Amino acid sequence: MEELLSKRTRYPTSDAMSKFVLAQDPEVISFAGGLPDNNLFPIEEIKLCQEEMLEKEGKIVFQYSSSIGDINLRGWIGEEFFIKWGKKVPVENIIITEGSQQALDLIGKLFLDPDDYALIESPGYLGTIQAWRIFQPKLVGISQDENGINLEELEEIIKELPSPPKVLYVVPDFSNPAGTCLPLERRKRLIEIAERYKFYIVEDLAYSLLAYDKDTLPPLLTLKDSEYIITIGSFSKILSPGLRTGFIIAPKKLIRPLRLLKEASDLCCGTYAQKLIYYFCKNGFLKNHLEKLRKIYKEKRDKLREALENYFLNKATWNNPEGGFFFFLVFPEDINCYDLAEKALENKTSFVPGEEFFVNGKGKNTARISFSQINLEDIFEGVKRLLRAWEDLQK
Ligand SMILES: Cc1ncc(COP(=O)(O)O)c(C=O)c1O
């Protein structure tokens, strides 16, 4: 039976998700998932929107939609999503996707043949690594410092590659897992580099609207009308992942091939969720909802930082996430975080070993600790359990 499976199924994908993130034991206090807090879904507002939507468009929402997505939602994204940075995007450049994971899959299909070079910030988002590995490219990690991707290293690596890279993936705001933010100067230089060497930057704005300390810096898309920028976004963290809705904004010449690939893949996205999101946004609920999310996630971030300072001060170092969902811990080289994660499960807590986010086998001494889903009052207890796991590992 195995021999009937295609070659692409043999590419290593991670079982970290099922093992650590989706651990079902209710006694586990989990820092593993990058999931939004279940208690924050705006159910009352959604009910109102649903009622209005069914009354006005009941016959449409149960029908197929177009493959590029609902015109109203695309219009709202184009008019409103980037407005705080003074940018409107033409609706023709926007495609709605089933979560940004589908956007990553389509971008992989669009550019990557076996052995093509694809670059990713390192550590980088596991969802991207998983989506792109299927296409069998040579995935190369570009290291991050506390301010995101290292541009000197990027240029050096590009010069050394036997053929130019086709794409580079970055999360400019509150990255997953490192929690880093790319400063303005680096954003501008990154665009220059992409234009010089002619590859596409794929910027992922999954967390960009979840800033806790100060305003988010402008996305690359708003800094320059460049033919080398593709932007992807998602409603998963700012509204609901269950609605499985994201988007791609791409230069016009890429829209037709993307649409054809999307038609081959799903022949239309689900209409219901897209319309519901449109009603939620156009009724002004998203703005208030984001304010609530920022307040609550900030409290959790602060509490987790306090707990880490209490229990892990001389044992690991970590970043200071100004938004998003993640602390990224770096332990001394002799700590293997896979082993630590096993001990953590025995002690009824969990996190994702950082190694999962590297394409080059590095990061064995790192850990991604998320504060998004955990209850505020469980944070200290969870970190205490983590400390017990660390002590068990020393025995
Ligand atoms: C960097 C990044 N991009 C995108 C997403 C959201 O993916 P989706 O829109 O498929 O739910 C996540 C969720 O973990 C993420 O961390």
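**Close-up 1. Strand E11 between its partners in the predicted model.** Val330 has Thr366 of strand E14 as its bridge partner. The model shown here and in the other views is predicted. E14 spans residues 366-370 and pairs with E11 in the antiparallel sense, over 5 bridges. Strand E10, residues 317-318, also pairs with E11, again antiparallel, over 2 bridges. Here Trp318 is matched with Leu329 of E11 as its bridge partner. E11 itself runs over residues 326-330 and is mostly covered. Of its 5 residues, 4 are buried.

**Close-up 2. The open sheet and its edges.** The sheet is built from 8 strands. Their order is E2-E9-E8-E7-E6-E3-E4-E5, and the pairing is mixed. Strands E2 (94-97) and E5 (148-149) stand at the edges. Each has a single partner strand, so one side of each lacks a neighbour in the sheet. In general, strands of a sheet pair through backbone hydrogen bonds, parallel or antiparallel.

**Close-up 3. The E4-E5 end of the sheet and helix H6.** Strand E4 covers residues 138-145. E4 and E5 run antiparallel and are joined by 2 bridges. Asp145 has Gly148 of E5 as its bridge partner. Helix H6, residues 151-160, packs on the sheet and touches both E4 and E5. The directions of H6 and E4 make an angle of about 155°.

**Close-up 4. Helix H3 across three strands.** H3 is formed by residues 71-81. The helix lies across E2, E8 (229-234) and E9 (246-249). Relative to E2, H3 runs at about 120°.

**Close-up 5. Leu168 and its surroundings.** Leu168 belongs to strand E6, residues 167-170. Why does Leu168 count as buried? Within 10 Å there are 25 other C-beta atoms, and 20 or more are enough for a residue to be called buried. Beyond its neighbours within four places in sequence, Leu168 is in contact with Leu119, Ala194, Phe199, Ile201 and Val202. Val202 is 34 residues away from Leu168 along the chain, yet their C-alpha atoms are separated by 5.9 Å.

**Close-up 6. The shell around the ligand.** The ligand is surrounded by 14 residues. Those that come nearest are Gly99, Gln101, Ala206, Ser234 and Ser236. Which helix gives the largest share of the shell? Helix H4, residues 99-111, supplies 3 residues. By class, the shell has 9 polar, 4 nonpolar and 1 charged residues.

Conventions
Residues numbered from 1 in each chain as written. Predicted model: local features only at pLDDT ≥ 70, side-chain atom pairs only at ≥ 80, totals over all residues. Buried ≥ 20, exposed ≤ 12 C-beta atoms within 10 Å, placed from the backbone. Pairing = 2+ DSSP bridges. Near = placed C-beta within 6 Å. Nonpolar A, V, L, I, M, F, W, Y, C, P; charged D, E, K, R; others polar. Contact = placed C-beta atoms within 7 Å. Axes fitted to C-alpha atoms, helices over the stretch in contact; angles between N-to-C directions.
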